[in-house]
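Trainee: Hey, can we go through this one together?

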There are 4 protein chains.
Amino acid sequence: MLGVGPRVKTIRLASCYRASVTPPNAERRNQHSRRAILRAAYELALELGPAKVTVEAIASRAGVGKQTIYRWWPSKGAVFLDVLEEQVGTVSEMPDTGDVVADLKTQMTAVAELFNADFARFYKALIAEAQGDAAVAQGLAEQLAERAEGPRRDRLSKAQQQGQIRADIDLAAAVEMLYAPLYYRLLVGAAAPDSAQVSAVLDVALHGLAPSR
Amino acid sequence: MLGVGPRVKTIRLASCYRASVTPPNAERRNQHSRRAILRAAYELALELGPAKVTVEAIASRAGVGKQTIYRWWPSKGAVFLDVLEEQVGTVSEMPDTGDVVADLKTQMTAVAELFNADFARFYKALIAEAQGDAAVAQGLAEQLAERAEGPRRDRLSKAQQQGQIRADIDLAAAVEMLYAPLYYRLLVGAAAPDSAQVSAVLDVALHGLAPSR
Amino acid sequence: MLGVGPRVKTIRLASCYRASVTPPNAERRNQHSRRAILRAAYELALELGPAKVTVEAIASRAGVGKQTIYRWWPSKGAVFLDVLEEQVGTVSEMPDTGDVVADLKTQMTAVAELFNADFARFYKALIAEAQGDAAVAQGLAEQLAERAEGPRRDRLSKAQQQGQIRADIDLAAAVEMLYAPLYYRLLVGAAAPDSAQVSAVLDVALHGLAPSR
Amino acid sequence: MLGVGPRVKTIRLASCYRASVTPPNAERRNQHSRRAILRAAYELALELGPAKVTVEAIASRAGVGKQTIYRWWPSKGAVFLDVLEEQVGTVSEMPDTGDVVADLKTQMTAVAELFNADFARFYKALIAEAQGDAAVAQGLAEQLAERAEGPRRDRLSKAQQQGQIRADIDLAAAVEMLYAPLYYRLLVGAAAPDSAQVSAVLDVALHGLAPSR
DNA sequence: CGGTAAGCGAGACGGTACGTCCCGTCTTCCT
DNA sequence: AGGAAGACGGGACGTACCGTCTCGCTTACCG
């Protein structure tokens with residue numbers, strides 16, 4: 001019957017990456033298949049919308065065996081995470097013209113536009129996936145912290161040193177306040193993020209809610 | 001003999017047309033079952049974590065036929081939305097002591113605590129569900145807009161009239177800036193929201209990033 | 001909120017068009033599973049009686065996924081038909097001692113006994129299934145014609161050539177007359193078939209109703 | 001919840017008719033509903049084919065509440081049995097012209113025609129139902145014995161007394177031999193019964209298989 | 001330079017959950 | 001009280017995917 005022969009190569013370890021005793025040899029990995037899988041996953045997320053992408057559909061679209069996916073990624077969400085890494089390079093850089101307000105406006109607007117584009121469907125799929133898969137959640141958080149929040153915090157830090165920003169500001173909180181509204185609208189809001197929102201947020205963030213003395 | 005002839009496969013629902021059907025008579029609805037279903041859905045979301053709750057488990061836990069769920073809700077997410085409506089009444093009220101900053105701190109801290117409690121797992125399940133179900137997404141957005149953002153905006157509006165807040169502030173943006181960081185951490189951040197975050201956010205929000213003249 | 005909008009109901013499969021799909025690869029079929037399924041179906045038909053056997057019970061008893069049944073058989077009845085094919089070999093052979101009357105008595109008694117044994121419950125289940133499934137009905141008829149009636153007709157034909165049976169007899173009708181009473185009692189009669197019935201039938205069949213000249 | 005209030009009026013007794021402690025008052029029975037139910041059951045059996053008729057469909061077609069069916073019949077099969085009683089009167093009479101062979105041919109041909117007509121679908125539905133419902137099986141057997149076999153046996157008996165049939169014939173077996181082939185073809189045969197079959201059967205039955213001395 | 005072991009495509013397998021249909025019981029309201 | 005209507009708890013249906021497991025087939029390395 002099925003299952004005879006040498007088995008139990010892998011030990012289940014749900015929330016953690018790869019636990020096979022004989023991991024696949026990465027050097028022999030077929031890069032063509034890898035790219036086809038990432039591409040298919042991205043396309044399908046755009047086409048079908050978040051949460052309707054299946055592993056079988058990815059494999060089929062990529063012209064790949066299902067096992068090839070499971071050999072290299074522990075879950076569908078992990079594939080999505082890899083896709084993300086390839087897609088978001090574009091907006092993770094922070095411009096630096098010397099004018100921090102202008103730079104923030106530039107970059108926040110770019111993010112808002114990204115969240116309005118096709119990419120939004122994919123990103124929502126990934127975040128939904130993360131709610132049920134701790135490894136994906138962690139990967140997403142790390143990606144966000146290192147690739148997105150880091151440069152933003154650095155930019156604010158520089159501005160702070162230049163005196164464009166108050167010295168006693170908690171920069172992490174500042175970054176969250178500036179960008180979280182964009183994520184909020186993406187994930188739970190009725191409206192999509194736009195440049196009007198960016199302007200309003202920047203206005204409040206710069207001058208504060210308190211009336212001027 | 002059997003099985004000869006062309007293999008057939010039925011087409012996915014969506015590609016067949018749909019016809020409306022007499023809706024169930026709401027007056028005869030069994031309120032006991034309704035409550036048992038909402039209760040079971042909430043408990044299971046807490047116990048199993050987001051994305052592992054099944055309709056069958058809800059029905060079984062509630063001592064109810066599956067059809068009774070499908071009769072009254074179009075999807076699992078819709079059940080979650082109804083649960084939400086029953087659960088969040090507690091934090092949707094906005095205190096009004098006359099001191100808007102103190103009130104915000106009180107209420108934001110309450111929300112942060114809620115997002116740290118069991119409720120967080122449930123809320124994440126709901127938001128994940130919303131990514132794949134447009135009706136749930138819309139319901140969630142409406143719930144948020146009407147029950148949560150509305151009172152908050154109203155409170156800020158009153159404070160604005162009292163001169164505690166600048167007159168030229170976009171209140172919707174302000175509310176988003178204050179609360180979005182909490183949602184951001186709940187859904188995508190590495191850390192959970194806490195009172196330190198609340199303090200930092202309020203500090204930035206009140207006095208702004210710009211250095212005092 | 002949720003659930004507003006027109007209630008919808010999906011249309012029954014039959015009214016949607018069907019599309020053929022790649023059939024499974026018969027070479028890779030797991031013979032162990034196949035046998036376990038046939039065995040489980042037979043056992044359950046005996047234990048639970050006709051019409052209480054479910055596909056889920058067969059799959060569970062066989063230690064098999066439901067899909068493995070649906071992959072290889074179009075319906076529960078088709079499984080039963082395959083079981084039949086494996087079970088009835090025993091009584092489909094026709095003895096040939098040279099004395100056609102003795103041979104008929106031997107074989108008809110064997111059939112009567114089969115219809116009194118556990119097998120009867122199974123056979124009734126199959127025939128009931130056939131009433132609602134044209135493919136099963138056809139398969140059953142073919143099985144009967146080829147495996148049962150054929151050899152019987154052949155035996156009578158040989159006897160006819162040997163002068164043991166009138167030359168102008170319609171052999172198909174003769175076979176039906178001899179065996180149909182057994183099926184009749186199995187399916188609709190109050191009493192079960194027995195050797196007394198066999199004797200009575202043979203007596204009438206041999207010498208006819210008409211008084212001797 | 002459901003099920004509070006006075007309950008347990010009826011005791012389940014699967015294989016037996018009616019076991020309510022307070023049976024309904026037959027005098028107050030709505031004869032209009034009764035007829036509508038029988039009529040709907042018959043029509044649906046013809047239209048949908050055997051085994052696809054549901055109680056809900058009968059109730060709906062008859063413009064009747066489901067409970068009205070369950071109040072007066074223990075099962076769907078019992079309804080079918082009642083329908084049968086109304087439908088088969090026509091062919092249960094046995095003609096008596098004095099010529100038993102002619103009479104048999106007349107009546108067997110009538111039965112064969114009935115089994116070719118729409119009625120066949122209904123009758124097959126009933127017999128299929130009987131395989132899974134002992135009460136229906138018993139009712140069917142009784143109906144058959146009393147209404148069909150009885151008159152036929154009586155006719156043969158009379159012919160026997162008149163010397164048209166051998167004195168030492170087992171009349172029950174004779175009746176079975178004559179009519180069982182018709183049922184056989186109806187239920188499991190490939191071909192439908194017809195007048196050619198009737199003639200062939202009568203030929204064999206009258207003169208026997210054995211060669212004339 | 002031919003053997004062998006890995007990655008690969010394909011897809012069958014044991015499962016779980018889906019959303020639907022229908023069962024037989026029940027409750028409500030109407031006649 | 002009987003009946004039309006239909007909500008209810010339950011259970012089976014046939015389908016979609018899951019993640020695991022063979023199968024042959026390249027393909028690249030190694031003896």
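Mentor: Sure, one definition to start: helices (H or I, at least four residues) and strands (E, at least two) are DSSP runs, numbered from the N terminus. The model is predicted, with local features needing pLDDT of at least 70 and side-chain atom pairs pLDDT 80 or more, while totals for chains, interfaces and linings use all residues; side-chain values use heavy atoms, leaving out hydrogens and water. Residues are numbered from 1 along each chain as its sequence is written, and chains are lettered from A and ligands numbered from 1 in the order in which they are written.

Trainee: OK, DNA then. Which element gives the most to the surface near DNA strand E?

Mentor: That's α3(A), with five residues. Near means having a heavy atom within 4 Å of the strand.

Trainee: And which residues come nearest to strand E?

Mentor: There are 51 residues around DNA strand E, and the nearest are Asn25(A), Tyr70(B), Trp72(C), Gln67(D) and Tyr70(D).

Trainee: How do those residues near strand E divide into nonpolar, polar and charged?

Mentor: You get 14 nonpolar, 20 polar and 17 charged. Nonpolar here is Ala, Val, Leu, Ile, Met, Phe, Trp, Tyr, Cys and Pro, charged is Asp, Glu, Lys and Arg, and the others, Gly among them, count as polar.

Trainee: What part of the DNA is within 4 Å of the protein, by atoms?

Mentor: Sugar or phosphate accounts for 65% of the strand E atoms within 4 Å of the protein, and bases for the rest. On the phosphate side, a side-chain N or O atom of Trp72(A) is 2.6 Å from a phosphate oxygen, and a backbone N or O atom of Val55(B) lies 2.8 Å from one. For a base, take Lys66(D): a side-chain N or O atom is 2.6 Å from a base oxygen of strand E. Among the elements giving two or more residues to that surface are α2 (55–62) and α3 (66–72) of chain B and also of chain D.

Trainee: Switching to chain A on its own. How many helices and strands?

Mentor: Ten helices and zero strands. Of its 213 residues, 49% are buried, buried being under 20% relative accessible area with a 1.4 Å probe, protein chains only.

Trainee: Why does Tyr179(D) count as buried?

Mentor: Because its relative accessibility is 2%. Tyr179(D) lies in helix α9 (residues 171–187) of chain D. Beyond four places in sequence, Tyr179(D) touches Met94(D), Leu104(D), Gln107(D), Met108(D), Val111(D) and Arg152(D), where a contact means heavy atoms within 4.5 Å.

Trainee: Which of those has a polar contact with the Tyr179(D) side chain?

Mentor: Gln107(D), at 2.5 Å. A polar contact is a pair of N or O atoms within 3.5 Å; within protein, one must be able to donate a hydrogen and the other to accept it, and residues adjacent in sequence count only if both atoms are side-chain atoms.

Trainee: Where is Arg166(B)?

Mentor: In the loop between α8 (134–161) and α9 (171–187) of chain B. At 11% relative accessibility, Arg166(B) is buried too. The Arg166(B) side chain makes a polar contact of 3.1 Å with that of Asp168(B). Past four places in sequence, the contacts of Arg166(B) include Asp203(A), His207(A), Pro211(A) and Gln160(B).

Trainee: Last one: which residues of α4(C) are buried?

Mentor: Gly77(C), Ala78(C), Val79(C), Phe80(C), Leu81(C), Val83(C) and Leu84(C). Their cover includes α1 (31–48), α3, α7 (119–132) and α8 (134–161) of chain C.

Note on methods:
Buried means under 20% relative accessible area, exposed over 50%, partly exposed in between (1.4 Å probe, protein chains only).
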